[in-house]
Amino acid sequence: MMAMAETILNPGYTLLGSQYGVAASQDIFALSSWSALKAPHDDCASFGRSLDLPNVSVDIAEFVPNGTNLTFPYNNVTCGQAYTIIYGGDICRLAMTVNTSDSSRITLEAWLPPAAQWNGRFLSTGNGGISGCIQYGDIAYANSFGFAAVGANNGHNGTGGTAFAESSGVVEDFAWRSVYTGTVLGKNITSSFYGEDPSYSYYLGCSTGGRQGMKMAQSYPDTFDGIVAGAPAFDFNGLQSWSQYLTQVAGYDTNSSSFVTVGHWALVAQSVLSQCDALDGAEDGILEDPDLCYPTFTSLLCSPNATNTSTCLNSGQLERVNAILSPFYGLNGTLVYPRMQPGAELAAYPILYAGNPFPYATDWMRYVVYNDSTFDPKTTSLEDVAYAEKLDPFGISTWSGNLSEFSARGSKLLTYHGLVDPLISSDNSARYYTHLATTMGLPPSSLDEFYRYFRISGMSHCGGGIGAADIGQSSNPRPQSAEDNVLLAVMNWVENGTAPEFIRGYSLPPPPAGVPGPPGPPPGTPIFTRKHCKYPARNVYLGPGNVTDEDAWQCITEATAALGRQT
C-alpha cells in the first residue's frame with residue numbers, strides 16, 4: 001500500500017502534501033465513523049467539507065442509501081450510462097475535480113462504504129476505448145464486496161478524442177496519469193475516512209481498463225497488490241493501426257462486388273466452425289483454442305457459372321477475408337498486430353467490416369498523432385502506422401516485457417481475454433505472454449508465481465457471448481467464490497497465497513428487458529459452467545458427460561503452446 005507522501009504531478013502541482021497528513025490526523029480522522037454524527041448523510045457531507053487538498057475541489061459529498069437508483073445528469077450522453085443501482089450497501093459518495101497540470105484535469109469519484117461494511121481494502125477501476133467515461137457500475141460492484149473504490153474520467157469527457165487536441169496533458173492523463181492520480185488520492189482519502197490505511201489495494205478493469213492495469217504493473221509497480229486486467233488494449237499503437245487497417249481491407253464501398261456482406265461473413269463463420277469446432281473434442285459452437293484453427297475458404301469460391309452469389313464468395317471477397325484473418329505487418333516486415341482470431345466474424349462485422357472507419361483509431365490519428373482534424377482515416381498508410389508507433393506518446397504502447405519490480409514486491413496480476421473478442425484480438429494477449437516470458441527469461445512455471453492468463457472461450461469483448469463468459473468481472477447477484485470470480489481469485493492469491501488454477505465461468509441469460517440493476521438468471525433457468533484453463537493449457541472435451549458438464553473437460557498443457565507465438 002502506498003503511504004501518504006508528496007507526489008508531484010507537474011511542476012507547481014502537488015497532489016498530496018504533508019500538510020494533508022497533519023490535517024487528517026487532527027480533523028478528518030475524527031469523522032471516520034458513521035456514528036460520529038447524528039445522520040450518515042451529515043457525516044459524509046462534513047467529511048467532504050473537511051477535505052482541503054491542493055488542486056482538488058470536492059463537487060459532491062453525499063450519503064447514498066443502499067438500493068438507490070443513482071443518476072448522473074451531467075454525464076456525457078455518449079457514455080451511455082444515465083444511472084447505476086447502489087446494491088451492496090450505503091455509501092458516502094465524493095465527486096471531485098483534480099487539476100493534473102495547468103491545462104488538464106480529471107473528474108474523480110470515491111465511493112466509501114460505512115466503516116462497519118468496509119472490508120479494509122481499496123480498489124481502483126479503469127475505463128474503456130479512448131473514452132472519458134467513469135465506469136460507475138464497476139465502482140458499485142466493488143462496493144458490493146465492501147471495497148472503498150474510485151473511478152475517474154481519464155482526463156476528458158465522452159467517448160471521442162477531440163479533447164486530446166486541446167492539451168498534451170489530456171493525452172498524458174489518458175496514457176497513465178488519471179489512474180495513477182486517482183489511486184494515490186483515493187488511498188489517502190480512504191485512510192482519512194476510516195482512520196486507518198487500507199490493508200491491500202486492488203485494480204479491476206477491461207479493454208482500455210486492462211491496458212491501464214498493465215501500465216501500472218509495468219511502470220508503477222508499487223501501486224497495487226493485485227491487478228485484474230481483462231482484454232488489455234496494450235501495444236496500443238499497433239492496436240489502433242490494426243483496427244484501421246481492418247476497415248481498409250474490408251473496404252468502404254459497400255456496393256463493390258468484392259465487398260464482403262454480413263451474409264457472406266455468415267458463410268465464413270459457418271466454415272470456421274465446420275473446420276475448427278471439433279478440434280477441442282466437442283462440436284458445441286464454441287472454440288476452446290483458436291490457436292489451433294487455421295481455416296481455408298477456397299471451398300466457398302463461387303463457380304464460374306454461378307447465378308446465385310449469395311451463397312459463395314467471389315475471388316475479391318476471398319482475398320479480403322484471407323487478409324483480415326492474417327497478421328498485419330508494417331513497412332519493414334515486422335509484426336504490427338496479430339490476426340483477428342477466427343470465430344469473431346459476425347461480432348466484428350458491424351464494428352470493423354461494415355464499410356466505415358474505426359472511430360477510436362480515427363480520433364487517435366487525428367487528434368494525437370497528427371493533431372489535424374482534417375486527417376482522412378481512409379488514407380492511413382504504412383508510413384502513418386510507423387510514425388504512430390515511433391511517437392508513442394507518454395508510453396501509451398504499454399508493451400514492456402519486464403515485470404521484475406512488480407514481481408519482487410509480491411504483487412499478482414491476473415489477466416483474461418475472451419476468445420471471440422471482436423475489438424481486441426485474443427492472439428495479442430498470448431503474444432504478450434510470450435513477450436513477457438522471453439524478456440524475463442522465465443518459463444510458464446515461473447511466470448505462474450506472479451502472472452496468470454486465462455482464455456475465456458465463447459466470451460466477446462470483456463463479457464457476453466455464447467460461452468460461459470460470466471467470471472465475476474462485473475456485477476452479478478449469484479453466490480461467488482475465488483474459483484468463479486476473477487476479483488476474489490486475485491484477492492485469494494495476494495492474501496492467502498492460493499493461486500488460481502482455473503476460473504469457472506457461467507453461461508447466463510441477459511436480464512429481463514427494462515429491469516435495472518445487476519443482471520442475473522431468472523428463477524429456474526439452467527446455466528452451464530466451464531473451468532477456463534490457465535494459459536498455456538487448453539480445454540479438451542474428454543467426456544463422458546454432456547458438453548455442458550464442466551467435469552467432462554480437462555485442461556491439457558502442451559510445451560509448444562507457450563512459446564510458439566510471434567513476438
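Begin by selecting Tyr 387, which at 38% relative accessibility counts as partly exposed, and which belongs to helix α11, running over residues 382-391. Bear in mind throughout the tour that the structure on screen is a predicted model. Adding Tyr 370 and Leu 391 to the selection shows a nonpolar patch on the surface, in which these two residues and Tyr 387 have together about 250 Å² of accessible area.

From the patch, move on to Thr 398, in the loop between α11 and α12 (404-408). Is Thr 398 buried or exposed? At 1% relative accessibility, it counts as buried. Its backbone deserves a look as well, since Thr 398 has a positive phi of about 55 degrees although it is not a glycine. For comparison, most residues other than glycine have a negative phi, and most peptide bonds are trans.

Another residue with this kind of backbone is Cys 462, a non-glycine whose phi is positive at about 70 degrees. Select it in the loop between β15 (451-456) and α15 (486-496), where Cys 462 is buried with a relative accessible area of 18%.

Next come the aromatic rings, of which a search of the whole structure finds 31 pairs. One to select is the pair formed by Tyr 433 and Tyr 535, an edge-to-face arrangement with 4.9 Å from centre to centre and 75 degrees between the planes. Because Tyr 433 lies in helix α13 (residues 427-440) and Tyr 535 in the loop between β17 (529-533) and β18 (538-541), the pair ties together parts that are 102 residues apart in sequence. Tyr 433 is buried, with a relative accessible area of 1%, and Tyr 535 is buried too, with a value of 0%. Widen the selection to Phe 234, Trp 399, Tyr 432, Tyr 451 and Tyr 453, and you will have one aromatic cluster that also contains Tyr 433 and Tyr 535.

Stay with Tyr 535 and follow the chain to Pro 536, for the peptide bond between them is cis, with omega near 10 degrees. Pro 536 lies in the loop between β17 and β18. A cis peptide bond also joins Gly 543 and Pro 544, with omega about 5 degrees, and Pro 544 is found in the loop between β18 and β19 (553-556).

Finish with two arginines whose charged ends sit over rings. Select Arg 452 with Trp 493, where the charged end is 5.5 Å from the centre of the ring, and then Arg 211 with Phe 236, where the charged end sits 5.9 Å from the ring centre.

Technical notes:
Residues are numbered from 1 along each chain as its sequence is written. This is a predicted model: local features need pLDDT of at least 70, side-chain atom pairs count only at pLDDT 80 or more; totals for chains, interfaces and linings use all residues. Side-chain values use heavy atoms; hydrogens and water are left out. Rings of Phe, Tyr and Trp (its six-membered ring) pair if their centres lie within 6.5 Å; planes under 30 degrees apart count as stacked, over 60 as edge-to-face and the rest as tilted. Helices (H or I, at least four residues) and strands (E, at least two) are DSSP runs, numbered from the N terminus. Buried means under 20% relative accessible area, exposed over 50%, partly exposed in between (1.4 Å probe, protein chains only). A charge sits over a ring if NZ of Lys or CZ of Arg is within 6 Å of the ring centre and within 35 degrees of the ring normal. Patches are made of residues with over 30% relative accessible area and no salt bridge: like charges are joined within 9 Å, nonpolar side chains (Val, Leu, Ile, Met, Phe, Trp, Tyr) within 5 Å. Accessible areas come from the Shrake-Rupley method with a 1.4 Å probe; for residues, only the protein chains shown count as cover. A salt bridge is a side-chain nitrogen of Lys or Arg within 4 Å of a carboxyl oxygen of Asp or Glu.
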